[in-house]
Amino acid sequence: MKKKYYILSIVFLIIQSCTSVDSVSNGTILVKKKIETNPDGVFTSIYEYDENKIVSAKLTQNDINLYNISYYTYTGNFITEVKIYNNSNTLLGKGIYNYNLDNKVSSYIELDYQNNTGRKATYTYNPNGTISSSEYEGSLTSQTSLFKTKTITFSNGEVNSLIEYIGSSTKTTYFIYDNKNSPYKNIIGIDKISYVGFNSNISEINHNVIQQTTINNPNNIVFNFQYNYDSNGYPTNKIKSSNIVIQYFY
């Protein structure tokens, strides 16, 4: 496969067509399939659940015989581990979530068994409601080399800004949302890890991002996303650009 789909960007694995009454499981609407068409091909994600807890996400690119599959582990209602395998059942990577006494993520470790590398992010919850994150890289057993820090800000329960500091450079990303339902809002535990990861993406909790603005002078970029919705207010497709379209099935 051309891309590594490491978990967390949950925006990709849950990490991005019409529905019917039959698509509602146990009275709750859950996304069952996502198809993304982009210049690299057609990527199909199939999601399996145990009631409202996600069990697995299978990602296929073009050829149905080549895929990655992620298995999710819960402790209570908290996602604590994700393991990613290829179609040969080889373990490619693992994501580990640790929580503090307030049931918030205190650290996240991502292990890449293909390259024998690891990354770790730690999270501090500030009195003003922001979150500070420090990100480290290293081996599978130790991640101590600091390479990035972040400040995450929330508004109305969603991430509305993400400031990244790498050396002497600063990149700020702003997010604007609609008032409709995110495809992932009913998956237990997703809200706890929406901001966890190593890139500039976030996972939507209750609503959908309609605009993403990145300030990274001199390269400032604005993305506008368009959606079609079903009668329940869930997106059936998302247009990211002229050649990137995502379909959702429930």
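In the predicted model, S161 has a relative accessible area of 9% and is therefore buried, the limit for that class being under 20%. This residue is found in strand β13, which spans residues 158–166. When neighbours within four places in sequence are left aside, the contacts of S161 comprise T151, I152 and T153 together with T173, Y174 and F175.

Strand β14 covers residues 169–177 and runs antiparallel to strand β15, residues 209–215. Six bridges join β14 to β15. Y174, one of the residues in contact with S161, has T213 in β15 as its bridge partner. Strand β15 is also joined to strand β16 (residues 221–224), in this case by four bridges, and the two strands run antiparallel. Within this pairing, Q211 stands opposite N224 of β16. The connection between β15 and β16 is a hairpin, with five residues between the strands.

Further along the chain, strand β17 (residues 226–229) and strand β18 (residues 235–241) are antiparallel and are joined by four bridges. Y227 is paired with K238 of β18 as its bridge partner. Five residues lie between the strands in the hairpin of β17 and β18, and in this hairpin G233 adopts a positive phi near 85°.

Strand β18 is likewise joined by four bridges to strand β19, which comprises residues 244–249 and runs antiparallel to β18. The hairpin from β18 to β19 passes through two residues. K238, the bridge partner of Y227, stands opposite I246 in β19. K238 thus appears in the pairing of β18 with β17 and in that of β18 with β19.

K240 also lies in strand β18. Its relative accessibility is 22%, so K240 is classed as partly exposed, a category that lies between the limits of 20% and 50%. By contrast, S161 in β13 is buried at 9%. The C-alpha atom of K240 is separated by 7.0 Å from that of N224, although the two residues are 16 residues apart along the chain. N224 is the residue of β16 that stands opposite Q211.

Terms used. Residues are numbered from 1 along each chain as its sequence is written. This is a predicted model: local features need pLDDT of at least 70, side-chain atom pairs count only at pLDDT 80 or more; totals for chains, interfaces and linings use all residues. Side-chain values use heavy atoms; hydrogens and water are left out. Buried means under 20% relative accessible area, exposed over 50%, partly exposed in between (1.4 Å probe, protein chains only). Contact means heavy atoms within 4.5 Å. Two strands pair if DSSP finds at least two bridges between them.
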